[in-house]
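Thanks, everyone; I would like to take a few minutes to go through one model with you, starting with a helix and then moving to the packing of the interior. Please have a look at it first.

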Amino acid sequence: VTNEELRKLKVIEEVIEKKTKQRKAAKLLGLSVRQIIRLVKRIRREGAKGIAHRLRGQESNHKHEDKHKEKVIHLCRKKYEGFGPTLAQEKLEELDRLYVNRETLRQWMLKEGLWEIQRKGSKHRQWRERKPCFGEMTQVDGSHHDWLEGRSPKLVLMGYIDDATSNVFAWFDDYEGTLPAMDSFYRYSKKHGLPHSIYIDRLNAYRGHGKLSLEEELAGGTRKKSQFERALEELGVDVIHAQSPQAKGRIERLFRTFQNRLIKEMRLAGVKTKEEANRFLETYLPKYNRRFSVKARDEANLHRQTPRDQELRRILSIQTKHALRNDNTIRHDNQFYQILTRWNGRRRPKHILIEDRLDGKRYLTDQSKELRYQEIKEPLKQAVVKQKALRRRRTLIPASAHPWRKLILTQRAIPAQKAA
């Protein structure tokens, strides 16, 4: 007899002895008055053992047939190897039309050695309330993992999760760096718009660590900005750098979920390349967001409209400024470029901006205007100057009849004559 049954028996005995009303007993036990009447009759007829449930010691009315159980276990062992009970139950129902309760499946998998009890460590973090509006803050990070389980080189998943709604955007790339970060942000902004702020870690690609130039120090700068920070500042998006991985826990938990669920979903779909993985995300993420995203406290959407596509691509590029020489050439990455655009009376610029854009092309611009140019070898004047510098560095040994040698001999002979 369980403690719950003993508690129930005590109340029923009070009703039998007419110390408690049936309505009050029903309220205490959370039962209907009709059920209290049944229990009173049963205990009067059978005694204290009548309080036990009628199905005790018998098979459940909801027990699955042995064939059904064997089929489910076989699929979990072969087709859904490594799946957890929750994901396995979803896939069995979605793909195989086999229904089984998640807890029942968990017990079966534990008994068959297909699953182990997951014990979570204790947490000691200060809770932070979600932002109230969609687009107010988006957490961003990259996850390095063997996403395709050896079917392709390792990829990096660039993940975006809205702090207010947990709405997710993601994109696979080959590595985590400046251009992949800009590319994923370009795709995110084309889908949702420009967020009010992003919350990101302190990776070199996201946060500048170099020394300031003299001009930047005079302008009041405190540290050199990364290309990513420069681009987002130009777009009016605040960049907030996290002090620890735990500070952006929402995106970290998303990656832990994806490393469990997304990997297995792509395995079932037969995804083998980066391109196939990104196409798979386009269909997978809407379903994921419908199920796991939440409603924001406020209805306002703080995403702003993006600039024109050409302007957005220009901003989201790696930009380097170089001085324009008198012969209208510039040097970048040990390569020389001849500017072909004529100024036609316009002010000749002192500097030219080089933009390496997301399409892999290199553009030379002046005040956002694209310039025509061609790649050339080292300019002739530059080569001549270099040859003269090399000649100056040579050690020249004068001939024996050189006037300089005669002068030295004369200077040495004078002290000798004085001494004589």
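By contact I mean heavy atoms within 4.5 Å, and by helices and strands I mean DSSP runs, H or I of at least four residues and E of at least two, numbered from the N terminus. Please keep in mind that this is a predicted model, in which local features need pLDDT of at least 70 and side-chain atom pairs count only at pLDDT 80 or more, while totals for chains, interfaces and linings use all residues. Residues are numbered from 1 along each chain as its sequence is written, and side-chain values use heavy atoms, with hydrogens and water left out.

Let me begin with α4, residues 66-78, whose buried residues (under 20% relative accessible area, 1.4 Å probe, protein chains only) are Val-72, Ile-73, Leu-75 and Cys-76. Seen down the axis of α4, these buried residues fall within an arc of 160 degrees, taken from the directions from the helix axis to the C-beta atoms, so they line one face of the helix. That buried set packs against α5 (85-95) and α6 (102-112), whereas on the other side of α4 Asp-66, Lys-67, Glu-70 and Lys-78 are exposed, meaning over 50%.

Turning to the interior, a nonpolar core here is a set of buried Ala, Val, Leu, Ile, Met, Phe, Trp, Tyr and Cys residues joined through side-chain atoms within 4.5 Å. The largest one has 24 residues, and Phe-185, Ile-198, Phe-228, Leu-235 and Leu-316 have the most contacts inside it. Its largest share, five residues, comes from α7. A second, separate core of 22 residues includes Trp-147 and Leu-254.
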